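Dear colleague,

Here is the structure for your files. The findings follow below it.

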Amino acid sequence: MKMIIASDIHGSAYWCGKLMETIEQESPDQIILLGDLLYHGPRNNLPRDYAPKKVIPMLSGLADRILAVRGNCEAEVDQMVFPFPCMADYALVSCDGLELYLTHGHLWNPDHLPPLKSGTVFLSGHTHIKLDETRNGIRCLNPGSVSIPKDGSHSCMVYENGQFRFRIWEEQQ
C-alpha cells in the first residue's frame with residue numbers, strides 16, 4: 001500500500017497544485033487528508049493563490065482515493081462541496097500490519113494522545129510543523145503543512161513498504 005498524507009492546504013490553489021504533482025508522480029493507492037482543506041482560518045495570513053473554488057475540483061477528482069478527517073477550519077459547507085466525507089474527527093486504518101489513528105490535531109495531539117495501544121501510528125496535522133517521534137510507544141507523525149508551514153518548508157508525507165518519508169517542495173516565483 002502506498003499513501004500520500006497531507007494536511008493544512010488552507011485553500012491554496014498553488015500549493016494544492018504541488019500536492020497534485022506529487023500525487024501524479026507517486027501514484028498512491030490512497031490519499032490521507034488531515035484537515036483544513038479550504039479555509040485559511042482567522043489566525044493565518046492568506047496563503048499563496050488563495051482560491052478554495054479552484055482547490056475543490058482538484059481534490060474532488062481524487063475522491064475515490066481520499067480519506068479525510070475534519071480540521072479546526074472545516075465547516076458544514078465544506079462537506080456540501082466535496083464528494084468525499086471530510087467531517088469525521090478521526091479515522092482508524094489498518095495498513096500493512098500497522099494501526100493508524102488519523103486526526104487533525106486540534107482535539108487530540110502528540111501532547112494529548114487518545115488511549116492507544118503501543119505500536120500505533122498517530123498521524124496529525126494542525127501545528128504546520130513536521131514531526132516524527134515516538135511518545136510512550138506511539139509513533140507520532142505530522143506531515144507539516146501543504147500551504148502555510150511554520151517550520152520553513154511546504155510538505156506532505158509518503159508512506160510505502162512500512163516507511164514514512166517527508167516530501168518537501170520549493171517555492172518558485
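Ser-27 lies in the loop between α1 and β2 (30–33); helices (H or I, at least four residues) and strands (E, at least two) are DSSP runs, numbered from the N terminus. This is a predicted model, in which local features need pLDDT of at least 70 and side-chain atom pairs count only at pLDDT 80 or more, while totals for chains, interfaces and linings use all residues. Residues are numbered from 1 along each chain as its sequence is written, and side-chain values use heavy atoms, with hydrogens and water left out.

Loops with positive phi

Ser-27 is a residue other than glycine, yet its phi is positive, near 50°. His-10, also not a glycine, has a positive phi of about 50°. Most residues other than glycine have a negative phi. His-10 sits in the loop between β1 (2–6) and α1 (13–26). It counts as buried because its relative accessible area is 0%; buried means under 20% relative accessible area, exposed over 50%, and partly exposed in between (1.4 Å probe, protein chains only).

The sheet

Five strands make an open sheet in the order β4-β5-β6-β8-β7, with mixed pairing. Two strands count as paired if DSSP finds at least two bridges between them. β4 (90–95) and β7 are the edge strands; each has a single partner strand, so one side of each has no neighbour in the sheet. From one strand to the next the twist averages 20°, using axes that are lines fitted to C-alpha atoms (for helices, over the stretch in contact) and angles that run from 0 to 180 degrees between N-to-C directions. Strands of a sheet pair through backbone hydrogen bonds, either parallel or antiparallel.

The β4 end

β4 and strand β5 (residues 98–103) run antiparallel and are joined by six bridges. Tyr-90 has Thr-103 in β5 as its bridge partner. The two strands form a hairpin with two residues between them, and Asp-96 in the turn has a positive phi of about 50°.

Side chains alternate along β4: Ala-91, Val-93 and Cys-95 point to one face and are buried, whereas Tyr-90, Leu-92 and Ser-94 point to the other and are not. In β5 there is Tyr-101, which counts as buried because its relative accessibility is 5%. The C-alpha atoms of Tyr-101 and Pro-52 are 27 Å apart, with the two residues 49 apart along the chain.

The β7 end

Strand β8 (residues 138–142) is mostly covered, with four of its five residues buried. Its parallel pairing is with strand β6 (residues 121–123), through three bridges; here Val-121 stands opposite Arg-139 of β8. Strand β7 (residues 131–135) runs antiparallel to β8 and is joined to it by five bridges, with Asp-132 opposite Leu-141 of β8. β7 and β8 form a hairpin with two residues between them, and Asn-136 in the turn has a positive phi of about 50°.

Glu-133 is in β7. It counts as partly exposed because its relative accessibility is 31%. From C-alpha to C-alpha, Glu-133 and Pro-110 are 9.2 Å apart, and they are 23 residues apart in sequence.

Cysteines

How many disulfides does the structure hold? Zero, where a disulfide is a pair of cysteine sulfur atoms within 2.5 Å. Cys-86 is unbonded because the closest cysteine sulfur, in Cys-73, is 13 Å from its own, too far for a bond. Cys-140 is in no disulfide either, and the nearest cysteine sulfur, that of Cys-95, is 18 Å away. Cys-86 is buried, with a relative accessible area of 0%. Cys-140 also counts as buried, at 0% relative accessibility.

The largest pocket

The largest pocket has a volume of about 170 Å³. Of the 13 residues that line it, Arg-43, Asn-44, Asn-72, His-126 and Lys-150 are the closest to its centre. The lining divides into two nonpolar, seven polar and four charged residues.

On the terms: on a 1 Å grid over the protein atoms alone, a pocket is an open set of points with protein on both sides within 12 Å along at least five of seven lines, and lining residues have an atom within 4 Å of a point. Grid points are joined across faces, edges and corners, and a volume is the space filled by probe spheres set on the points. Ala, Val, Leu, Ile, Met, Phe, Trp, Tyr, Cys and Pro count as nonpolar, Asp, Glu, Lys and Arg as charged, and the others, Gly among them, as polar.

Regards

How values were computed
On a 1 Å grid over the protein atoms alone, a cavity is a set of points where a 1.4 Å probe fits but cannot get out, and a pocket is an open set with protein on both sides within 12 Å along at least five of seven lines; lining residues have an atom within 4 Å of a point.
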